[in-house]
Amino acid sequence: MRNRAKRITVGLSGLLLALGAVSFTAAPGAVAAPGAPDASSVSAVADAWEKSPVYVDPAASDQLSGEQADALAQRIERADKPVFVAVLPDDFPQQDLFRRLRAETGVTGVYAVRLGDGFDAKADRSVLTGNAVGNLVSLVRGEDTAAQLDHFVDQALVQAGGRAPESWSGGPGPGVSVGALIGVGVVVVAGAGGAYAIVRRKKQRHEEAQRESLRKLSVVVDEDITAFGEELDRLDFHPAEPGADDAMRADYERALDAYEKAKAYMAAATRPDDVRGVTQALEDGRFSLALLAARREGRELPERRAPCFFDPRHGPSVEDAAWAPEGGAERSVPVCAADAARLADGRDPMVRTVATEAGERRPYWEAGPAYGPWAGGYFGGGILPGLLVGTMLGGMMMSPAYAADYGPGYGDSGGFEGGDFSGADFDPGDFGGGDFGGGGDFGGGGDFGGGGNF
């Protein structure tokens, strides 16, 4: 991703945008040919990444076939996300590997490396939070190369911010004439009239579907808001009551503010993704109530934890417990004290059920994609993928079409500007103090330290 090439690409892409949308064939995954010069080097990986998001070192070609690499690369390119994947042999130089790959490539993004039998990933904070990267690495640990990279990429594509480098698009190089581009533009403009009518109808259908999803979702959200209002009433706190101090009054004020914000956000919502702000406000409010209750009773203040996975109306969780959805793998989920006791006794937790299109009541993670934003507001900070993996909702949120209909999927990094050419002048302070948790090396044992930011 060299600066001169960048200026050429940006200039031509700007002209294309002015003329209309033009499709070009994307480059396949880059599998280095045996005998390629200096194959086992950071520079070779960075050069290959300039053309494709997936690189397989010739010495590691037995781990991922050319066909598998091509399919993975095409999936990344279609998603238009700055996700880089490399499959390297176990004798590849490991010292400061992620830092050197990031510096040589010069693109803000997510970098995943399968090295021998080990796997790790890192990302720029503006694209994906360190907590989210660590969760994704943990989710795929122990899988074989193809499955591991497939699963990691699927999750990273729905969570990562930013855009892919323009060099992946297969766009025109320096030898393409401006006249040819203008000719293409004339054809595009000629068909614009008919295309506009089609796009307009499609947009109207999409907006109608959004309104219908929000209508169904609003029933559940209104139940949440009502339940929180009832909690405020049951607390029966009065700022002037005997024993009340400034800390208690501040907790109560934050809870009231959260209640009013939730109502205002819901009243202003026009699409399902707007619900995320409502449930974020309710989660904040419930934690404020938990602090207030602890202060009034003279108990130790609770730590800030995610709400109960089974029903966020139960309030902040107190511990993590092992649980598996029907037909799914076991994972740790945050639970309230009552559900923790039920699980310990071998009983079912008190699960939040919602109405489905079929008219039956099902757990919210089995009720449709509209509940993604609802859950995203409650379970931010990158923990949602691990909670929902293997569920109906988790699978839907991994779909490339999800973001267009229901918002940014699992992502919570916000404000991203990934995919830009930042060269080697990135901030080393974002890199978490070393690669793979091992003083700059891979830390041994094939476990590279559980991901994180650079």
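What covers the buried residues of helix α4 includes α2 (42-49), β3 (83-88), β4 (110-115) and β5 (118-123). That is one corner of a predicted model, and it makes a handy place to start. Helix α4 itself spans residues 97-105, and its buried members are Leu 97, Phe 98, Leu 101, Arg 102 and Thr 105. Looking down the axis of α4, these buried residues fall within an arc of 125°, so they line one face of the helix. Behind this sits a simple bit of geometry: an α-helix has 3.6 residues a turn, so residues three or four places apart point the same way. Just past the end of α4 comes Gly 106, with a positive phi of about 75°.

Helix α11 (residues 337-344) can be read in much the same spirit. Here Asp 339, Ala 340 and Arg 342 are buried. Viewed down the axis of α11, the buried residues fit within an arc of 160°, so they too line one face of their helix. They pack against β6 (319-323) and β7 (331-335), while Ala 337 and Ala 344, on the other side of α11, are exposed. A glycine turns up after this helix as well: Gly 346 follows α11, and its phi is positive, near 80°.

Now for the wider view. The protein has 15 helices and 9 strands, and 46% of its 454 residues are buried. Contacts often reach a long way along the chain: of those between residues at least 6 apart in sequence, 69% join residues at least 24 apart. A single pair of residues shows how such distant stretches can meet in space. Gly 134 and Ile 383 are 249 residues apart along the chain, yet their C-alpha atoms are separated by 9.7 Å. Gly 134 belongs to helix α5 (residues 130-140) and, at 12% relative accessibility, counts as buried.

What about the nonpolar residues inside? In soluble globular proteins, nonpolar side chains tend to be buried together. In this model, the largest nonpolar core has 49 residues, and Val 54, Val 85, Leu 88 and Phe 152 are those with the most contacts inside it. Phe 152 gives a good feel for the packing. Setting aside neighbours within four places in sequence, Phe 152 is in contact with Val 110, Ala 112, Phe 119, Ala 121, Leu 136, Val 137 and Val 140. Apart from this core lies another, of 47 residues, with Ile 225, Tyr 259, Ala 269 and Leu 282 among them.

Cysteines make for a neat puzzle. A search of the whole structure turns up 0 disulfides. Why do Cys 308 and Cys 336 not form one? Their sulfurs are 3.8 Å apart, and a disulfide calls for sulfur atoms within 2.5 Å, so the pair is too far apart for a bond. Both side chains are tucked away from the surface in the accessibility sense: Cys 308 is buried, with a relative accessible area of 0%, and Cys 336 is buried too, at 6%.

Finally, there is a little empty space to report. The structure holds 1 cavity of 30 Å³ or more, and the volume of the largest cavity is about 30 Å³. Which residues line the largest cavity? The lining is made up of Glu 283, Arg 286, Arg 305, Pro 307, Pro 312, Gly 315, Pro 316 and Tyr 378.

Notes. Residues are numbered from 1 along each chain as its sequence is written. This is a predicted model: local features need pLDDT of at least 70, side-chain atom pairs count only at pLDDT 80 or more; totals for chains, interfaces and linings use all residues. Side-chain values use heavy atoms; hydrogens and water are left out. A nonpolar core is a set of buried Ala, Val, Leu, Ile, Met, Phe, Trp, Tyr and Cys residues joined through side-chain atoms within 4.5 Å. Buried means under 20% relative accessible area, exposed over 50%, partly exposed in between (1.4 Å probe, protein chains only). Contact means heavy atoms within 4.5 Å. Helices (H or I, at least four residues) and strands (E, at least two) are DSSP runs, numbered from the N terminus. The arc is that of the directions from the helix axis to the C-beta atoms. On a 1 Å grid over the protein atoms alone, a cavity is a set of points where a 1.4 Å probe fits but cannot get out, and a pocket is an open set with protein on both sides within 12 Å along at least five of seven lines; lining residues have an atom within 4 Å of a point. Grid points are joined across faces, edges and corners, and a volume is the space filled by probe spheres set on the points.
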